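Got your viewer open? Load the model and follow along, one selection at a time.

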Amino acid sequence: MRKLALYGCGGFAREVLMLLEDLGQGDRVTALYESDEIWTARAVAGIATQPISRFDPADADLVLAVGNPQARRRLQSSLPAQTRYPTLVHPDARVHRSSGIGEGSIVCAGSIVTCDVAIGRQVHLNLATTIGHDCRLEDFVTTAPAVNISGHCELGTGAYFGTNSCVREKVRVAADAVVGMGAVVIGDLAQAGGVYVGNPARLKPTR
Ligand SMILES: CC(C)(COP(=O)(O)OP(=O)(O)OC[C@H]1O[C@@H](n2cnc3c(N)ncnc32)[C@H](O)[C@@H]1OP(=O)(O)O)[C@@H](O)C(=O)NCCC(=O)NCCS
């Protein structure tokens with residue numbers, strides 16, 4: 001099996017290491033990378049950190065282990081085109097066979113993706129997320145723990161859902177929208193990059 005490296009050295013990276021251990025693949029990980037500008041030589045969870053300029057895509061596959069969707073997109077756009085990104089599904093997650101998941105996406109423990117769901121590339125579904133039937137999640141969509149998305153929703157590129165938020169069926173969420181912790185989304189969130197909070201979720205005015 002090819003070697004594996006993580007781009008990211010923070011809390012979510014350590015959670016991805018847990019996920020890999022649970023998949024029996026912990027031994028594949030040989031390096032944790034971070035941007036050259038912020039890199040300091042140290043060990044995280046017993047693994048040496050490296051500046052990303054030392055990453056060689058011929059040597060290892062790479063997991064983008066950074067929770068923020070916009071940061072993840074930026075990091076990926078700076079990487080060599082031939083980089084390969086594994087798709088990771090925790091053994092205690094369930095993805096129905098009728099659903100598809102794109103390259104680099106991560107489904108954490110306790111999550112359930114039901115039937116006929118289309119999930120793009122570099123999507124992160126954190127712990128105990130549920131995605132209902134016929135949803136479409138564009139690239140880089142990210143959920144925090146315990147998010148519930150009802151059936152037939154369309155979630156735009158890079159949209160982020162805070163812990164314990166939930167979305168009514170057939171709702172559309174614009175690209176890069178941010179849904180706050182505990183928000184209850186009952187209608188379309190139309191503003192790209194807008195921050196929505198509360199029950200029902202409303203656009204948070206910018207100060
Ligand atoms: C919505 C969110 C992105 C706003 O962050 P922010 O712009 O830094 O907001 P602030 O903390 O400065 O708060 C701004 C205002 O929004 C309110 N607010 C913030 N988050 C809120 C939420 N989830 N629900 C309701 N109101 C919220 C604050 O009370 C504050 O109100 P005020 O202006 O009347 O004082 C953030 O609070 C949030 O919920 N992030 C998700 C966190 C998460 O799920 N993490 C999981 C990690 S795995």
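Here is a short tour through a helix, a sheet and a ligand site.

Bear in mind that this is a predicted model: local features need pLDDT of at least 70, side-chain atom pairs count only at pLDDT 80 or more, and totals for chains, interfaces and linings use all residues. Numbering starts from 1 along each chain as its sequence is written.

Start by selecting residues 11-22, helix α1 (helices are DSSP runs of H or I, at least four residues; strands are runs of E, at least two; both are numbered from the N terminus). Its 12 residues should span 16 Å at 1.5 Å a residue (times one less than the number of residues), and the end C-alpha atoms, 17 Å apart, agree with that.

Now pick A13, V16, L17, L19 and L20 in α1: they are buried (20 or more other C-beta atoms within 10 Å of their own, with C-beta atoms placed from the backbone). They cover an arc of only 160° around the axis (taken from the directions from the axis to the C-beta atoms), so they sit on the same side of α1. Step just past the helix to G24, where phi is positive, about 75°.

Next, show the open five-stranded sheet, ordered β3-β4-β2-β1-β5 with mixed pairing (two strands pair if DSSP finds at least two bridges between them). At its edges, β3 and β5 each pair on one side only. Zoom in on β2 and β4 (residues 47-51), which run parallel and share three bridges; L32 is opposite T49 of β4.

Finally, select the ligand and its surroundings, including N126, T163, M181 and K204 (C-beta atom, placed from the backbone, within 6 Å).

Notes:
A residue is buried if 20 or more other C-beta atoms lie within 10 Å of its own, exposed if 12 or fewer, and partly exposed in between; C-beta atoms are placed from the backbone.
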